[in-house]
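Work through the exercises below with the sequence and the model open side by side. Each task is followed by a worked solution.

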2 protein chains.
Amino acid sequence: MSADTRILNVDLGVRSYPIYIGSGLLGDAEIYRRHIPGERVMVVTNETVGPLYLKQVLAALGDYQVETVVLPDGEKYKTLETWQRIFDGLLERRFDRQCTVLALGGGVVGDIAGFAAACYQRGVHFIQVPTTLLAQVDSSVGGKTGVNHPLGKNMIGAFYQPRCVIADTDSLNTLDDRQLSAGLAEVIKYGLISDLPFFEWLESNIERLLSREPEALIYAIERSCQDKADVVAADELEAGKRALLNLGHTFGHAIETGVGYGEWLHGEAVAAGVCMAGELSRRLGWLSAEKLYRIVELVSKANLPTVPPENIGRSQFLELMAVDKKVVSGKLRLVLMQGLGQSVITGDFDTAELQNTLDEYGR
Amino acid sequence: MSADTRILNVDLGVRSYPIYIGSGLLGDAEIYRRHIPGERVMVVTNETVGPLYLKQVLAALGDYQVETVVLPDGEKYKTLETWQRIFDGLLERRFDRQCTVLALGGGVVGDIAGFAAACYQRGVHFIQVPTTLLAQVDSSVGGKTGVNHPLGKNMIGAFYQPRCVIADTDSLNTLDDRQLSAGLAEVIKYGLISDLPFFEWLESNIERLLSREPEALIYAIERSCQDKADVVAADELEAGKRALLNLGHTFGHAIETGVGYGEWLHGEAVAAGVCMAGELSRRLGWLSAEKLYRIVELVSKANLPTVPPENIGRSQFLELMAVDKKVVSGKLRLVLMQGLGQSVITGDFDTAELQNTLDEYGR
């Protein structure tokens, strides 16, 4: 572990854990030794990430008995069926309750593997090794795991915290530009929720991130993880303010479900969703046009979509959003903006303006 | 709620909950009102219990919007496939995160429905209304939920506590004799784990239980729940002494998996498993023959099997037991007896005696 490695702590009492951020970490045997208590490890990865990084991880896990499950790549495989393959692997090899499940890959691998770790023999150890920007800044931190159902995204899952998160920034070098941008959507989101100085830093530094300057990337990952860890520590099970992290996600999930899982990347749908939340906030008189345009400009500079696909109309949007997890007793609640870095969770808005917003995009 | 109703508390800090034991409780609207916070309830039952009790429960839930999922009856349906039907029902009717899942039935219904409640939108409210003796004294209390996998029983699941347990002793009137006896296996187990006075009470009162004397049944249920609640409060996630509750279960699960789920009732397999644990304990010199015979006699009087099926031989037993959740780093641990009411969890025994014990039964 180099001296440049950052270590953040997610403060959750007995479930607290560190996030390691830095270069060369996924091949660092010492970190694994520190956090894997038993003798057996099941590495869950996918057919894209496996060929790139599995060898390094296996070498670093030399002290352990290791088996591997390789899943197909893509959001459309984030299903109960794929999840079951991990149990088949664990049971065929007689893994016991002292084993560790290690997720090596992006958000889909982490969500499925974490949900399997949560449920195998009612819970075994779990470690996240996220290899995409989106997973490093968002999905690997905070313990949300799960899979999609044909009728709704992330509808089946568990809150289950890992023992540590190992974010190796070198793995971003093999990420394609589209995936890098998708991760930036979640980074921009943190600024908009509660961190105006970070949003302004992003406005000045978006080009450095797109050209993958290591220093800029490490800073953005660290700040994003810190912002997220603070919210998660205050509300682990999303009884209240944690829902702020879903800025852009209610619209985004509707887009993902509406176009079919995997057509749009999650981060792309969130980017359009953030702009839609901004547009609705402007219509409600909560956000000035100038601030909305700053959001749209930053999202656009990050090479992300600022509007939803044309073929989802108002009525389909409303139907898809009605199964969202933030619906409370039949009433839709949204994360909206009362300023840059001033997001709120609310069901208290004029639904006519929501319909007008949706009509703006649908054809 | 009549004055005779017993209320026990399972002490788990913020997750504490009451167990109501008494006559006529499943039609008691007041108990539901006290423990169901939202507006919508999904009742999960099966095709045997539904026709008997669903109407009463629905009448008592008159203040709520209620939907129903009816599962097929039997341990062989305790699968991920059956479990998914609950999600389909919840999502088709747009149930949100404030809903309550209510399990009405025996152990299989409770285990599947509880696991669905644990995972739907990462966790919704859950209520247990057990209608079999086995569910009332064991499976509905303590938060173990889950389903079977073809390679092992209860291998996929979660620890998830209900908001309350409502054990209506009237529902035992429709239980057939075989199911009643199966429940008594778990009752006997509590005496053998740590409660010699209860074991002795059972030796004197087994006939009263078999003839369903209400007073005797209520006493046995209350004492069993109290014994279990004490253990669960001390070790919710089975890091240590909770494993004592699995007396007879490692052998029992091997029997259930070996003969095919549903051929033997769970309680029957546990009864034979308790006797096998007793036989091994005797061979190890930990339990006198006289005490072993008292166990065998009580199990036999309860109309339960005292030996495993002949067609499972030693090698199949060892193979089936190797996937048990109590295996630690490859070493099989068992709950064995150092006296009546003095069970211990241990991996420290002569495995030759385990093999001799198994050879005693296999042909």
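The exercises treat the conventions, the chain copies, one helix, one residue and the cavities.

**Conventions**

The model is predicted, with local features needing pLDDT of at least 70, side-chain atom pairs counting only at pLDDT 80 or more, and totals for chains, interfaces and linings using all residues. Residues are numbered from 1 along each chain as its sequence is written, chains are lettered from A and ligands numbered from 1 in the order in which they are written, and side-chain values use heavy atoms, without hydrogens and water.

**Exercise 1. Determine what relation links chain A and chain B.**

Step 1. Two copies of a chain are related by a rotation about an axis and a shift along it.

Step 2. Chain A is superposed on chain B by a rotation of 180° with 0.0 Å of shift along the axis, at an RMSD of 0.0 Å (least squares on the C-alpha atoms of residues with pLDDT of at least 70 in both). This is the relation of a two-fold axis.

Step 3. Of the interface residues of chain A, 100% are also interface residues in chain B, so the copies meet through the same surface.

**Exercise 2. Compare the span of helix α7 of chain B with its expected span, and locate its kink.**

Step 1. Helices are DSSP runs of H or I with at least four residues, numbered from the N terminus. The expected span is 1.5 Å times one less than the number of residues.

Step 2. Helix α7 of chain B (residues 196–210) has 15 residues and should therefore span 21 Å; its end C-alpha atoms are 20 Å apart, which agrees.

Step 3. A kink of about 60° is centred on B:S204, the bend being the angle between axes fitted to the seven residues ending at a residue and the seven starting there.

Step 4. The buried residues of α7(B) include B:F198, B:W201 and B:L202 (buried: under 20% relative accessible area, 1.4 Å probe, protein chains only). The buried residues of this helix pack against α6, α8 and α11 of chain B, contact meaning heavy atoms within 4.5 Å.

**Exercise 3. Is A:E268 buried or exposed?**

Step 1. A:E268 lies in helix α10 (residues 266–283) of chain A.

Step 2. Its relative accessibility is 10%, so A:E268 counts as buried.

Step 3. Leaving out residues up to four places away in sequence, A:E268 touches A:R178, A:A182, A:L304 and A:P305.

**Exercise 4. State which element gives the most to the lining of the largest cavity.**

Step 1. The largest cavity is lined by 13 residues, with A:K153, A:H253, A:L320, A:V323 and A:D324 nearest its centre.

Step 2. The element that gives the most to this lining is α9(A), with four residues.

Key. Helix = DSSP H or I, 4+ residues; strand = E, 2+ residues; numbered from the N terminus. Buried < 20%, exposed > 50% of the residue type's maximum accessible area, 1.4 Å probe, protein only. 1 Å grid on protein atoms, 1.4 Å probe; cavity = no way out; pocket = protein on both sides within 12 Å on 5 of 7 lines; lining within 4 Å.
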